[in-house]
Amino acid sequence: MSFLAAGSLQVAVEKAEGRVCLEKKGDYDTSGARVALTLCATEGQAGEDRIIAALEAMYQVMSCKSYLRRVVKAQSFQEEMASFRENLDDRGSSMNCALVALVAHSERPGWLLGPDGKEVQEKELVRELNHCQALWGKAKVFLLLDIHNNLGSIAFLSTLTDVCRHFPHWHLLEVLTQVIGKVTQEMPPTGHRCPIFQSSLRGALYLGRRRSQGLELSPIPQGVYDTSGAKVALVLCVTRDRPGAKQDLKALKRLFQTLGFKSILKMNPTAQDFRKELTRFRELLDARRTNVSCALVALMAHGEPQGRLLGADGQMVEVEEMVSELSACQVLQGKAKVVLLQGCRGGNRDPGMRPRALPWLGSWLQHWLQRPSTIPSHADILQVYANLQGYVAYRNENGSDFIQTLVQVIIANPDQDLLELLTEVNKRLCEMEVRGPDCDEIRKMSVEIQSSLRKQLYLKSQLSN
């Protein structure tokens with residue numbers, strides 16, 4: 001799954017299991033119809049009509065046939081989503097992609113608030129659409145827009161529409177990275193959070209025409225992280241009672257050597273050690289006098305739901321607590337920060353499925369001319385989970401499928417954009433069929449990417465080529 005969040009705005013791209021819709025190049029087939037659904041949980045709130053208008057403009061650029069529904073209670077989200085799914089299954093015509101925009105308020109991550117004050121989980125709506133047989137193997141894109149932040153939502157939608165219109169040959173992750181860069185560049189210094197997207201796509205998704213169609217191409221996405229300086233890595237790995245963990249460490253060592261990372265390893269850290277080592281790592285970087293261009297942190301341990309890892313002492317540590325610590329590093333402000341997480345996020349096992357210039361800039365222009373540009377503190381972070389929320393992560397005596405595949409793909413293509421490499425990693429993992437130690441039935445897996453990167457990231461410096 002993939003979520004993009006700009007402040008309280010989020011965007012999600014939902015994966016579908018199966019291979020039938022991926023072409024030989026690893027692209028999703030976009031030859032069929034494209035549909036969109038807007039669910040608006042509002043009662044005439046200010047800004048609603050502007051958000052709807054911005055969505056309709058975006059749908060038009062993306063050639064989507066759209067449906068608009070206003071819901072009056074939380075359960076209507078699920079009822080409308082079920083009705084949409086049934087309608088698509090009854091159509092009988094070929095579809096290549098579905099977009100769903102949820103316009104509501106969210107008071108806590110993962111939940112939407114209805115007009116009656118009742119909440120519904122976002123993942124329930126995603127799960128409902130993922131059961132659509134007509135969309136099996138097709139991409140599903142979710143836009144989560146906060147009505148209480150209508151200015152940010154409209155700004156995001158207008159930027160997304162503008163980028164899709166002018167650069168139709170870019171695939172979705174290129175588009176979203178470019179949008180994040182544009183939106184964060186024009187954000188006020190306080191009161192706004194950086195956009196984030198989550199992705200479990202298995203290939204490139206083009207919402208416009210593709211590079212192979214003989215277009216007079218526009219430039220490639222603007223902005224590349226400078227990785228010509230020092231690149232550093234911290235690995236915190238619990239090997240105790242985790243067969244194959246040492247094999248993963250060997251694989252990561254090969255990766256760091258290939259990419260030129262200097263790494264620090266701490267084995268069998270307790271929960272408190274996780275915190276201390278990351279704090280020490282941040283302080284070490286801030287004390288350096290040489291330029292640091294990129295940092296990678298690998299967290300490898302048993303995991304629990306809700307984003308927690310277990311230290312060697314059996315105590316829990318919050319993943320977001322450690323990501324926030326890394327974000328506080330002054331020397332890494334504006335630099336790429338990559339976090340790899342190998343650990344379970346629940347006990348579920350997936351059986352798989354069968355069958356230009358922006359109109360709002362004027363009021364901000366004078367503000368930006370009077371002060372240096374700033375970026376949100378949570379920008380420039382890429383988190384890569386071995387699995388989706390709620391599911392187990394697979395590992396045996398040979399190592400984990402996630403780390404081993406990740407290292408294999410990146411070492412083979414060190415000069416390629418990291419998000420494209422991660423999409424290839426996910427494609428390979430989705431094609432695997434695994435059996436757990438306590439389950440004889442075949443199960444599937446998928447990684448989850450969370451990104452607030454504002455530029456393309458090449459772990460092997462392009463300046464050295």
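**Exercise 1. Aromatic pairs**

Determine how many aromatic pairs a search of the whole structure finds, and classify the pair of Phe167 and Trp170 by its geometry.

*Solution.* The search, run over the whole of this predicted model, returns 2 aromatic pairs. For Phe167 and Trp170, the ring centres are 4.1 Å apart and the planes enclose an angle of 5°. Planes under 30 degrees apart count as stacked, and the pair of Phe167 and Trp170 is therefore stacked. As to its surroundings, Trp170 has a relative accessibility of 2% and counts as buried.

**Exercise 2. A second geometry**

Classify the pair formed by Phe256 and Phe261, and decide whether Phe256 is buried or exposed.

*Solution.* The centres of the rings of Phe256 and Phe261 are separated by 6.0 Å, with 40° between the planes, and the pair is described as tilted. Phe256, at 4% relative accessibility, is buried, and Phe261, at 7%, is buried as well.

**Exercise 3. Packing of two helices**

Describe how helix α1 (residues 48-61) is placed against helix α4 (residues 150-166), and state which residues make the contact.

*Solution.* The two axes come within 9 Å of each other and cross at roughly 15°, which means that α1 runs roughly parallel to α4. The crossing of α1 past α4 is left-handed. On the side of α1, the contact is made by Arg50, Ile51, Ala54, Leu55, Ala57, Met58 and Val61, while α4 contributes Asn150, Ser153, Ile154, Leu157, Leu160, Thr161, Cys164 and Arg165. Sorted by character, the residues of this contact between α1 and α4 comprise 10 nonpolar, 3 polar and 2 charged.

Conventions
Residues numbered from 1 in each chain as written. Predicted model: local features only at pLDDT ≥ 70, side-chain atom pairs only at ≥ 80, totals over all residues. Heavy atoms only, no water. Axes fitted to C-alpha atoms, helices over the stretch in contact; angles between N-to-C directions. Helix = DSSP H or I, 4+ residues; strand = E, 2+ residues; numbered from the N terminus. Parallel < 35°, antiparallel > 145°, perpendicular 65-115°, else oblique. Left-handed = near helix turned anticlockwise from the far one by under 90°. Contact = heavy atoms within 4.5 Å. Nonpolar A, V, L, I, M, F, W, Y, C, P; charged D, E, K, R; others polar. Phe/Tyr/Trp six-rings, centres within 6.5 Å; stacked < 30°, edge-to-face > 60°. Buried < 20%, exposed > 50% of the residue type's maximum accessible area, 1.4 Å probe, protein only.
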